[in-house]
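Got the viewer open? Let's take a walk through this fold, one selection at a time.

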Amino acid sequence: MLLKEYRICMPLTVDEYKIGQLYMISKHSHEQSDRGEGVEVVQNEPFEDPHHGNGQFTEKRVYLNSKLPSWARAVVPKIFYVTEKAWNYYPYTITEYTCSFLPKFSIHIETKYEDNKGSNDSIFDNEAKDLEREVCFIDIACDEIPERYYKESEDPKHFKSEKTGRGQLREGWRDSHQPIMCSYKLVTVKFEVWGLQTRVEQFVHKVVRDILLIGHRQAFAWVDEWYDMTMDDVREYEKNIEPCPNKYMTMDEVREFERATQEATNKKIGVFPPAISISSIPLLPSSVRSAPSSAPSTPLSTDAPEFLSVPKDRPRKKSAPETLTLPDPEKKATLNLPGMHSSDKPRRPKSE
């Protein structure tokens, strides 16, 4: 098990980010869903917890085979997905990731949001007070991201919000910027397989860090798209897959936006209900029937496949002579010893 705590500051308030994080997750999932990979939404419904109160439960399947390193793709099936289960009791959330192909693999993330610059060292005392962990600060403006994910329009050093006037962040911005909030994330990665545990857990944490950096950069860079929204606006956005007009909407619209985005996202990765059609086709004689063109044909011959047959022109190996000749018992054996000629006959010793 490898435990780390990530702290990501943003030039927003916790109340503002309640809309921003929902918008960011929905839009990012939709953009990443293409060519048979991406995010499939399985379940999204209200959930009530006796301790945390009312929240939202979601279950998703994240298809990411092409995102794996080459050494992992060698042992992972091509049809590969991770199950994500999330309980959102904003400003507290729980997210779990598991994989049926790797039963001993899991990621557990607990998130808390506060209006400060990441200075609360005891925020997870109830969850991990006695657990040793590394604290990692992520700077959305100055930390480097993988080159393939870089977009200048999403770079906080260059982006400036027209609606809030925030942006063009410079080194050290967290010390003086107002408003400012922090996402505290306690991330536990488990991969209990001997010989691979350390390597896999370190790799997963690297991926998690990159995702957190990219996602929070995007949430701020898209602020003008969601800043005037309400929870109902987010639902409407999900439904129409486009930014809503600049007007205040209700909580129901936000959830409606989520549902619509989920449907469109599922379609992009090819998740459709099965379709069955029946047509009247005359029955053909058995001698001319054939399998559907989509199915591999099965040879009707009883001969072995070519790759199993023995080449006909290959000589057989002889492990023993084909005929066995036994000595004639009536003939006397002749023993040739050094110093003796074939004409010499062995003589019996003289008796005294």
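Start by selecting β3 and strand β4 (residues 81–89): these two run antiparallel, joined by 8 bridges. This is a predicted model, by the way. To find your bearings along the pair, pick Tyr63, which stands opposite Tyr81 in β4.

Now add β2 (residues 38–49) on the other pairing of β3. Here, too, the strands run antiparallel, and 11 bridges join them. Look at the turn: β2 and β3 make a hairpin, with 3 residues between them. For one rung of this ladder, select Pro46 and its bridge partner in β3, Gln56. Before leaving, colour β3 (residues 53–63) by burial: 8 of its 11 residues are buried, leaving the strand mostly covered.

Next stop, the nonpolar interior. Which residues have the most contacts inside the largest nonpolar core? Select Tyr6, Ile107, Trp173, Val187 and Val204, and you have them; the core holds 33 residues. Then show the elements that give two or more residues to it: β1 (2–10), β5 (92–99), β6 (102–114), β7 (134–138), β8 (181–191) and α4 (197–221). Of these, β8 gives the most, with 6 residues.

Zoom in on Ile107. Setting aside neighbours within four places in sequence, Ile107 is in contact with Thr95, Glu96 and Tyr97, with Val187, Thr188 and Val189, and with Val204. Once you've seen that, hop over to a second, separate core: it has 22 residues, and Tyr17, Leu22, Phe159 and Met231 are among them.

Back to β8, where you can click on Lys185. Is this lysine buried or exposed? Lys185 is buried, yet it has no salt bridge: the nearest side chain of opposite charge belongs to Glu84, 9.9 Å away. What its side chain does have is a polar contact with the side chain of Thr111, at 2.9 Å. Show the surroundings and, leaving out residues up to four places away in sequence, you'll find Lys185 touching Lys4, Glu5, Tyr6, Ile8, Ile109, Glu110, Thr111, Tyr113, Phe124, Leu212 and His216.

For the last stop, select Pro103, in strand β6. Why does Pro103 count as exposed? Because its relative accessible area is 71%, and the cut-off for exposed is over 50%. Finish by drawing a distance from Pro103 to Phe191: the two are 88 residues apart in sequence, but 8.8 Å apart in space, C-alpha to C-alpha.

How values were computed. Residues numbered from 1 in each chain as written. Predicted model: local features only at pLDDT ≥ 70, side-chain atom pairs only at ≥ 80, totals over all residues. Heavy atoms only, no water. Core = buried A, V, L, I, M, F, W, Y, C linked by side-chain atoms within 4.5 Å. Buried < 20%, exposed > 50% of the residue type's maximum accessible area, 1.4 Å probe, protein only. Helix = DSSP H or I, 4+ residues; strand = E, 2+ residues; numbered from the N terminus. Contact = heavy atoms within 4.5 Å. Pairing = 2+ DSSP bridges. Lys, Arg positive; Asp, Glu negative; His and termini not counted. Salt bridge = Lys/Arg side-chain N within 4 Å of Asp/Glu carboxyl O. Polar contact = N/O pair within 3.5 Å; in protein donor to acceptor, adjacent residues only side chain to side chain.
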